[in-house]
Amino acid sequence: MFEDLRDLYQEVIFDHNRNPRNFHVMENYDRMVEGFNPLCGDRLTLFLKLNGETITDASFQGSGCAISTASVSLMTEIIKGKTQAEAEELFHTFHKITTGKSEELQLEAVGKLAVLAGVREYPARVKCATLAWHTLDAALKNQQQSISTE
Ligand code: ZN
């Protein structure tokens, strides 16, 4: 990765950590799931509003490290207006780029989320980046009220 690209990525993460988007409790939500990453202490509550198959609104509350906060902030931005199937597809692609299991990184497919691809180099931080998405997955499946990455 080029140094200037790395700086840009870090700047986006810092920005979302300092000013998290959609950081509020949602009223009249359709889904609410709490996510916890005991490895780092990241906690978040994800709220979703659904209209049929479409995610019409997303917000969160909680506290965590810069990576987890930036990840959930970016996620709430990107999933608004997406169908549940599209969100699940993003989750799988995001999981691949953060765990580095894909030889061919599909960075373009995830847009802004590519800024978090750098966590592949820090296995201990992968769960910080994926917590938001595991929580989303649980919310869409509507089976659990809370999840833990451990
Ligand atoms: Zn963390």
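**Exercise 1. Helix α2**

Task: What span does α2 reach from its first C-alpha to its last, and how many of its residues are buried?

Solution. Step 1: α2 has 14 residues and reaches 20 Å from its first C-alpha to its last, close to the 20 Å expected at 1.5 Å a residue. The expected span of a helix is 1.5 Å times one less than its number of residues. Helices (H or I, at least four residues) and strands (E, at least two) are DSSP runs, numbered from the N terminus.

Residues are counted from 1 along each chain as its sequence is written, and side-chain values rest on heavy atoms, without hydrogens and water. The model is predicted: local features need pLDDT of at least 70, side-chain atom pairs count only at pLDDT 80 or more, and totals for chains, interfaces and linings use all residues.

Step 2: Buried means under 20% relative accessible area, exposed over 50%, and partly exposed in between (1.4 Å probe, protein chains only). In α2, 12 of the 14 residues are buried, so the helix is largely enclosed by the rest of the structure. Among them are I67, V72, L74, M75, I78 and I79.

Step 3: Just after α2 comes G81, with a positive phi of about 90°.

**Exercise 2. Helix α3**

Task: Which elements cover the buried residues of α3?

Solution. Step 1: α3 covers residues 84–99. Its 16 residues reach 22 Å from first C-alpha to last, close to the 22 Å expected at 1.5 Å a residue.

Step 2: The buried residues of α3 are Q84, A87, E88, L90, F91, T93, F94, I97 and T98.

Step 3: Contact means heavy atoms within 4.5 Å. The cover over these residues includes β2, β3, α2, α4 (107–110) and α5.

Step 4: G100 follows α3 and has a positive phi, near 70°.

**Exercise 3. The sheet**

Task: In what order do the strands of the open sheet stand, and which strands are at the edges?

Solution. Step 1: The open sheet has 4 strands in the order β3-β2-β1-β4, with mixed pairing. Two strands pair if DSSP finds at least two bridges between them.

Step 2: β3 and β4 (146–148) are the edge strands, each with a single partner, so one side of each has no neighbour in the sheet. From one strand to the next the twist averages 20°.

Step 3: β1 and β2 pair in the antiparallel sense over 7 bridges, with G35 opposite L44 in β2. β2 and β3 also run antiparallel, joined by 9 bridges. The hairpin of β2 and β3 has 2 residues between the strands, and G52 takes a positive phi near 65° there.

Step 4: Helix α5 (residues 126–141) lies across β1, β2, β3 and β4, at about 150° to β1. Axes are lines fitted to C-alpha atoms, for helices over the stretch in contact, and angles run from 0 to 180 degrees between N-to-C directions.

**Exercise 4. One residue of β2**

Task: Is T45 buried or exposed, and which residues does it touch?

Solution. Step 1: T45 is found in strand β2. Its relative accessible area is 16%, so T45 is buried.

Step 2: The bridge partner of T45 in β3 is Q61. Residues up to four places away in sequence aside, T45 touches M32, V33, E34, S59, F60 and Q61.

Step 3: T45 and G35 are 10 residues apart in sequence, and their C-alpha atoms are 6.2 Å apart.

**Exercise 5. The zinc ion**

Task: Which residues are the protein donors of the zinc ion?

Solution. Step 1: Donors are N, O and S atoms within 2.8 Å of the metal (3.2 Å for Na, K and Ca); water is not among the atoms, so sites may look incomplete. Here the donors come from C40 (SG), D42 (OD, listed twice), C65 (SG) and C128 (SG), at 2.2 to 2.6 Å.

Step 2: Along the chain the donors follow the spacing C-x1-D-x22-C-x62-C. C40 lies in the loop between β1 (31–37) and β2 (42–51), and C65 in the loop between β3 (54–63) and α2 (66–79), so the pair ties together parts that are 25 residues apart in sequence.

Step 3: C40 is partly exposed at 37% relative accessibility, whereas C65 is buried at 16%.

Step 4: N37, in strand β1, is buried with a relative accessible area of 0%. Neighbours within four places in sequence aside, N37 is in contact with D42, K127, C128, L131 and T149.
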